[in-house]
Amino acid sequence: MKVISYNLRKHAAAHELEELVDRWEANVLCLQEADTAEMPHHISGLTLASATSKNRLGLALYYRENMFQLQDVLTLSLKKSLHDILLRPAHERLLAARLRDIDAGRDVIIASFHAAPLTALNSLRRHQIRTALSTLQKMGDGVPILMVGDYNYPVFKERLSERVRGAGYDLTLSDARTYTRYKFFRGHYDFATSIGLDIEKVTTLPQGASDHLPILVSATYKSGHRELRVPDDPSQDFEETDADADAE
């Protein structure tokens, strides 16, 4: 399957989506900072599964109907940063769809994720990630999961990757940086977190009108996925140590 994730930068890059889907033959499209009231029901053969509704700028997820059947959708508010409390830019930071892969005869959960902005600490974003993953796990026991999006995690990514692996998941960065707006904070911000899937490649696509570059995730199902078991309490592997707090 091919999944594109793209932060539209306050909807500025929305006009690029049809060409993006066509060019890279995406099966699923996960968006952040989309004007959800303006999103069409179809984009170049993809159908809108759901979009968040509590803020003008939010998340949207599209899928290819001749490849998937929509089983369930979920939206989730995550722990708020001070920026969220004061300015209220977003309430719902996770949007997920459980899809039935028609040809493969199996389900997969795909989610669009948007972490707290750079003004927040990494510890808060870790809290959001572990809450998101724990919630996705409850959508289907043993179902493969792919969570893509804007993680806003500028430093200590190796430490985050260790925690994610400790919780039974894989965290995959793209092959080139995905954020360019500020010189100091340029780097990899858009990731893929997965379980039950082999991530063949995460490709950073050419930059458009957004300060984020879209990423293309190419994934296949792991063999024996029906025996997949996620740890009962993955949150324990995200616990913050004193050293982590000092580093941030």
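A helix here is a DSSP run of H or I covering at least four residues, and its expected span is 1.5 Å times one less than its number of residues. Keep that in mind as we walk through this predicted model.

**Stop 1: helix 3**

Select residues 122-138, which make up helix 3. From the first C-alpha to the last, these 17 residues reach 25 Å, close to the 24 Å expected. Now show the surface around helix 3: 13 of its 17 residues are buried, so this helix is mostly covered.

**Stop 2: the whole chain**

Zoom out and colour by secondary structure. You should find 5 helices and 13 strands. Of the 248 residues, 57% count as buried. With the surface switched on, about 11,000 Å² is exposed, and carbon and sulfur atoms supply 46% of that area. How do contacts link up the sequence? Among contacts between residues at least 6 apart in sequence, 66% join residues at least 24 apart.

**Stop 3: a pocket beside helix 1**

Rolling a probe the size of a water molecule over the atoms shows where empty space is left. For one such space, select Tyr6, Glu16, Glu19, Leu20, Arg23, Trp24, Pro206, Gln207, Gly208 and Pro214, the lining of the second largest pocket. This pocket has a volume of about 150 Å³. Which element gives the largest share of the lining? Helix 1 (residues 17-24) does, with 4 residues. Colour the lining by residue type and you will see 5 nonpolar, 2 polar and 3 charged residues.

**Stop 4: two backbone turns to inspect**

Most residues other than glycine have a negative phi. Select glutamate 25 for a departure from that: its phi is positive, about 55 degrees, although it is not a glycine. Glutamate 25 sits in the loop between helix 1 and strand 2 (28-35). Is glutamate 25 buried or exposed? Its relative accessible area is 52%, and because the cut-off for exposed is over 50%, it counts as exposed.

Next, select serine 44, in the loop between strand 3 (42-43) and strand 4 (46-51). Serine 44 also has a positive phi, near 50 degrees.

**Stop 5: alanine 219**

Finish at alanine 219, in strand 13 (residues 215-221). Why does alanine 219 count as buried? Its relative accessibility is 2%, and buried means under 20%, so it qualifies. Leaving out residues up to four places away in sequence, alanine 219 touches Met1, Asp198, Ile199 and Glu200. Try a distance too: serine 194 is 25 residues away in sequence, and its C-alpha is 9.5 Å from that of alanine 219.

Definitions and conventions. Residues numbered from 1 in each chain as written. Predicted model: local features only at pLDDT ≥ 70, side-chain atom pairs only at ≥ 80, totals over all residues. Heavy atoms only, no water. Helix = DSSP H or I, 4+ residues; strand = E, 2+ residues; numbered from the N terminus. Buried < 20%, exposed > 50% of the residue type's maximum accessible area, 1.4 Å probe, protein only. 1 Å grid on protein atoms, 1.4 Å probe; cavity = no way out; pocket = protein on both sides within 12 Å on 5 of 7 lines; lining within 4 Å. Points joined across faces, edges and corners; volume = space filled by probe spheres on them. Nonpolar A, V, L, I, M, F, W, Y, C, P; charged D, E, K, R; others polar. Contact = heavy atoms within 4.5 Å. Areas by Shrake-Rupley, 256 points an atom, 1.4 Å probe, with all protein chains shown as cover.
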